[in-house]
Amino acid sequence: MSQSPKDMRSWIAELEAASELIRIDKPVDPLTQMGSLLYQSREKALFFENLPHGWRSLGQAPANVRHAALAFGATEETLIPLVAKRLGTLIPPVMVKQAPVQEVILGRGEFDLTHLPVHIAGQLDGGPVIGSGLMVSKDPDTGARNVSFHRLQIKGPEKSGILLYPRHSWKNYLKYQERNQPMPVAIFIGHHPLYYVAAATTAAYGQDEFEIAGGLLGAPVRLAKCRTVDLEVPAEAELVLEGHIPPHTREDEGPFSEFQDYYVTGTGKNPIVEYQCMTRRRDAIFKNLQNGSEMEGCVFHKLPMAATIFRRLKDVGGGPNLHNVGMLPGVFGVVIQMTQRAYGEAKNLLLAALSSEYHHPKVAIAVDADVDIFNHSEILWAIATRVDPQRDIVVIPGTFNHAMDASLPELGAPGTPLWQRHGSKVLIDATIPPPADTEARAAFERIRPRNPGLRLENFAAESSLPLVRALSPLFFGSKLLR
Ligand SMILES: Cc1cc2nc3c(=O)[nH]c(=O)nc-3n(C[C@H](O)[C@H](O)[C@H](O)COP(=O)(O)O)c2cc1C
Ligand SMILES: [Mn+2]
């Protein structure tokens, strides 16, 4: 283990060593070109080396679950149980005096947000949006810290819009607004992905996400005091914006390429951020983060959500036989992989999964251990072949749903305390009878070939071997053959 703390530079090196990083040395225009390149790169991270104003930037890192597993030293299958376990450990941060992120300190008039390589992701986006900013704010009553993601639409050299979804930072903001005071904020950009996972974790109100980050990292987060606000930021971040969100001010914000793969939700009259200071490393690297279904933003949405729900479910009914939890594309669906101990147990877990820290889950599906939850056609197969709709599908009407679910009726508007969607939820139990009921379970025994260990390449003609080898991950990737 190296002594130096994990940061975005160690992450870039790790990606490159794993052949997961593509360097781009040709000039790229963030406003017209970068979004398209990020959108295409679902397999590899991109490192832009030639951006306007001399900037370099990292994007699509993690591009997928394989990259996320690399960041945690896990595999696709062990990732969620491992993160769930680490979420149970909180390590308080430590304060440091020397902070690389404060090598350069720029006051009002000395920095210009429009010179950052902030990109426009989608065709209908309202403008360039910082998607990689993690905002630190405090509860003015208790001083408790909160760290969370917020889209920041650039509106001028020292000003951005902000979407404050009704959760912890919004709650903090409403307290400041009540007092007619601006909310001081510090936004850090560019760090190791475990910081991003911690920021995307919704825990109890008042829980400092830097303690969560410490638990995920297995080491305390190193914090430095900000220069113009009474807040702390990670010393090894790449860049920090210090500012405040004025009370009552609302301006047009959005549309923006969002996590469900739509533009419109959240668009409206939203608060703004005014910045008075930028600090950064001398050779700071920017971080671009693109949203959209199954883009980098979704990896950060889904990973802590699945792990948090896993943590809740593992104790439902005194310890079920829970194997894994996965989120579906668009983030409103959750899949529980479990083996029921008794009839009806899956429904109990499904109810719990629909009512967690997170607003997103609307569709909850339970499947057995023999269903590969990383293969969505397997999940659809289980629904089609293991579900008696009148018995196994339950719709719960009149629930509180995620305010950015376009399929449900919207109440209130973004930027107001009434903003929500009032809709419904559905649970689908696609598990099979418990192992104790051997006879009933036997009807669902899956087909396996005789001699599953045989390998096609040992039988194919010499001339066909290259073809067989090229396709072998497809032939032998099936978990049923293992
Ligand atoms: C990629 C990504 C983008 C997000 N963008 C926003 C956003 O623009 N506004 C917002 O309020 N929450 C956004 N979130 C959600 C929250 O930051 C996140 O879920 C976090 O848990 C909320 O923290 P809090 O509950 O401590 O306030 C985003 C999450 C991710 C993963
Ligand atoms: Mn929080």
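How buried or exposed is F149 in terms of relative accessible area? In this predicted model, F149 is partly exposed, with a value of 23%.

**View 1. The aromatic pair of F149 and F300 is tilted.** The two ring centres lie 5.9 Å apart, and an angle of 40 degrees separates the ring planes; by the rule applied here, the count of aromatic pairs comes to 8. F149 belongs to strand β8 (residues 145–149), whereas F300 belongs to helix α8 (residues 296–313), and the pair thereby links distant parts of the chain, 151 residues apart. While F149 is partly exposed at 23% relative accessible area, F300 counts as buried, its relative accessibility being 2%.

**View 2. The rings of Y196 and F300 are stacked.** Their centres are 5.3 Å apart with the planes at 25 degrees, and because planes under 30 degrees apart count as stacked, the pair is assigned to that class. Y196 lies in helix α6 (residues 193–199) and F300 in helix α8, so this contact ties together parts of the chain that are 104 residues apart in sequence. Y196 is buried, with a relative accessible area of 1%, and F300, at 2%, also counts as buried.

**View 3. One aromatic cluster is formed by F149, Y196 and F300.** F300 takes part in the tilted pair with F149 and in the stacked pair with Y196.

**View 4. The charged end of R42 sits over the ring of Y39.** The distance from this charged end to the centre of the Y39 ring is 4.6 Å.

**View 5. The charged end of R446 sits over the ring of W381.** Here the charged end of R446 is placed 3.9 Å from the centre of the W381 ring.

Note on methods: Residues are numbered from 1 along each chain as its sequence is written. Chains are lettered from A and ligands numbered from 1 in the order in which they are written. This is a predicted model: local features need pLDDT of at least 70, side-chain atom pairs count only at pLDDT 80 or more; totals for chains, interfaces and linings use all residues. Side-chain values use heavy atoms; hydrogens and water are left out. Rings of Phe, Tyr and Trp (its six-membered ring) pair if their centres lie within 6.5 Å; planes under 30 degrees apart count as stacked, over 60 as edge-to-face and the rest as tilted. Helices (H or I, at least four residues) and strands (E, at least two) are DSSP runs, numbered from the N terminus. Buried means under 20% relative accessible area, exposed over 50%, partly exposed in between (1.4 Å probe, protein chains only). A charge sits over a ring if NZ of Lys or CZ of Arg is within 6 Å of the ring centre and within 35 degrees of the ring normal.
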